[in-house]
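Work through the exercises below with the coordinates open. Each task is followed by a solution in steps.

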Amino acid sequence: MDEEAFVITEFLSISKPINHQGISFYINKRESSALIFPIHGEIEFSWETGKVIADADHPVFIQEGMSYLNSCMENAQSIMINIKAKSNKEKIFWLLPPDREHLQKCYDEIIVLNANPTARKRSRIFEKIYQLLGECFPYEPGDNNSLLSPALETIEKFYNKSDLTLDFLAESCNISKSYIHKLFRKEFGMTPFQYITRIRMNQAKTLLLEMFPVGEVALMVGYSDIYQFSRAFKRFYKISPDKFRFSRKPI
C-alpha cells in the first residue's frame, strides 16, 4: 500500500445507502471513518478547505471526526463501510476503484459474516476489507507503511519472547493467519516465522560478538532452550554459536 499508514481497528457496519439528486445534509464531526464506493451516480463531499466528487471511478475515504457537506449531484447508490481506522492521510481523499464484481462479492460475503458475528468471522471481515484496500491502495514491495506495519512493530517489540506466535501477529493486524502469511510472502518472500528467525539471528550474532554466553543469548532472542537456539543458529549461519563467538568470522 503506497498511502500513509492505514490501519483498521474496528469494523462497525456495511450498507447500501441511496442518495437523491439535489439533497444535501451536513455531517458534524463524523463518529466513524467510512469507505464509500458509489455504484452509480455522483456525490460531492465539501469541507472548509476542499471538496471531492465521488462516483463509480472515484470512491472515497472519510476520516473519523471530519465535518463536511454531503451533496448528491446525481441519484446515487453506494456501498458504505463504517470502520474505526488510523490514517495519516488528509481527512477526505480519493481511492482507486476496485474491481466491481469483487466489490459486490465482498459486500455479499461481509453481510453474511456479520449476520452472526464471531471472533473468527470478524477476522474474515477485516480480511475482506483489506483485500479491497489492496486494490484501492496499490501494494508495492518495500513499502514500510503497508498493512503489515502493526505486525512488524510487534515483531520488533516482542521478537525476544519465546511465545510470539502467528495468532498474536494476526491479531495485531486484525486479519486472519492465512492472510498475514500471504502478505509476508508477497512483501518479503518469506513466511512470518522465517522473518522472525532472521531478526533473532541478526540480533544473536551481535550479542555473540559481544561475548555473551550462548545460553544467555538464546534467552535474549526468544529461545527458551539453548539446544533449540543452537540448532537454529547453525541452520541459519552454517556454524555453531560457540564456534562463531570465538572465531569472530564475518558472516
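The exercises cover helix packing, aromatic rings, charges over rings, backbone angles and residue surroundings.

The model is predicted: local features need pLDDT of at least 70, side-chain atom pairs count only at pLDDT 80 or more, and totals for chains, interfaces and linings use all residues. Residues are numbered from 1 along each chain as its sequence is written, and side-chain values use heavy atoms, with hydrogens and water left out.

**Exercise 1. Helix packing**

Task: Classify the packing of helix 3 against helix 5 by angle, and list the residues that meet.

Solution:
- Step 1. Locate the elements: helix 3 covers residues 149–158 and helix 5 covers residues 177–188. Helices (H or I, at least four residues) and strands (E, at least two) are DSSP runs, numbered from the N terminus.
- Step 2. Take the geometry. The angle is about 85 degrees and the axes are 11 Å apart. Axes are lines fitted to C-alpha atoms, for helices over the stretch in contact, and angles run from 0 to 180 degrees between N-to-C directions.
- Step 3. Apply the classes: under 35 degrees is roughly parallel, over 145 roughly antiparallel, 65 to 115 roughly perpendicular, and the rest oblique. Helix 3 and helix 5 are therefore roughly perpendicular.
- Step 4. List the contacts (heavy atoms within 4.5 Å). A151, L152 and I155 of helix 3 meet I180, F184 and F188 of helix 5.
- Step 5. Sort by class. The contact of helix 3 with helix 5 has 6 nonpolar, no polar and no charged residues. Here Ala, Val, Leu, Ile, Met, Phe, Trp, Tyr, Cys and Pro count as nonpolar, Asp, Glu, Lys and Arg as charged, and the others, Gly among them, as polar.

**Exercise 2. Aromatic pairs**

Task: Describe the pair F61 and F93, then the pair F233 and Y237.

Solution:
- Step 1. Count the pairs: the structure holds 9 aromatic pairs. Rings of Phe, Tyr and Trp (its six-membered ring) pair if their centres lie within 6.5 Å; planes under 30 degrees apart are stacked, over 60 edge-to-face, and the rest tilted.
- Step 2. For F61 and F93 the centres are 5.1 Å apart and the planes are at 45 degrees, so the pair is tilted.
- Step 3. Place this pair in the chain. F61 is in strand 6 (residues 60–62) and F93 in strand 8 (residues 92–94), 32 residues apart, and the pair links distant parts of the chain.
- Step 4. Check burial (buried is under 20% relative accessible area, exposed over 50%, partly exposed in between; 1.4 Å probe, protein chains only). F61, at 0%, is buried, and F93, at 8%, is buried.
- Step 5. F233 and Y237 also form a tilted pair, with 4.8 Å between centres and 55 degrees between planes. Both lie in helix 8 (residues 226–237), 4 residues apart, about one turn of the helix.
- Step 6. Both F233 and Y237 are buried. They belong to one aromatic cluster with Y223, F229, F236 and F244.

**Exercise 3. Charges over rings**

Task: Which charged residues lie over the rings of Y107 and Y223?

Solution:
- Step 1. Set the criterion: NZ of Lys or CZ of Arg within 6 Å of the ring centre and within 35 degrees of the ring normal.
- Step 2. K16 lies over the face of Y107, 4.6 Å from the ring centre.
- Step 3. The charged end of R200 sits over the ring of Y223, 5.4 Å from its centre.

**Exercise 4. Positive phi**

Task: Give the phi values and settings of K29 and M211.

Solution:
- Step 1. Recall the background: most residues other than glycine have a negative phi.
- Step 2. K29 has a positive phi, near 50 degrees. K29 is in the loop between strand 3 (24–27) and strand 4 (33–47), and at 59% relative accessibility K29 is exposed.
- Step 3. M211 has a positive phi, near 70 degrees. M211 is in the loop between helix 6 (192–209) and helix 7 (214–220), and at 33% M211 is partly exposed.

**Exercise 5. Surroundings of two strand 7 residues**

Task: Are S78 and N70 buried or exposed, and what do they touch?

Solution:
- Step 1. S78 is in strand 7 (residues 68–87) and is buried at 1% relative accessible area.
- Step 2. Beyond four places in sequence, the contacts of S78 include S15, K16, P17 and I43.
- Step 3. N70, in strand 7, is buried at 7%.
- Step 4. Not counting residues up to four places away in sequence, N70 touches residues including N19, F25 and I43. N70 and F25 are 45 residues apart in sequence and 5.4 Å apart in space, C-alpha to C-alpha.
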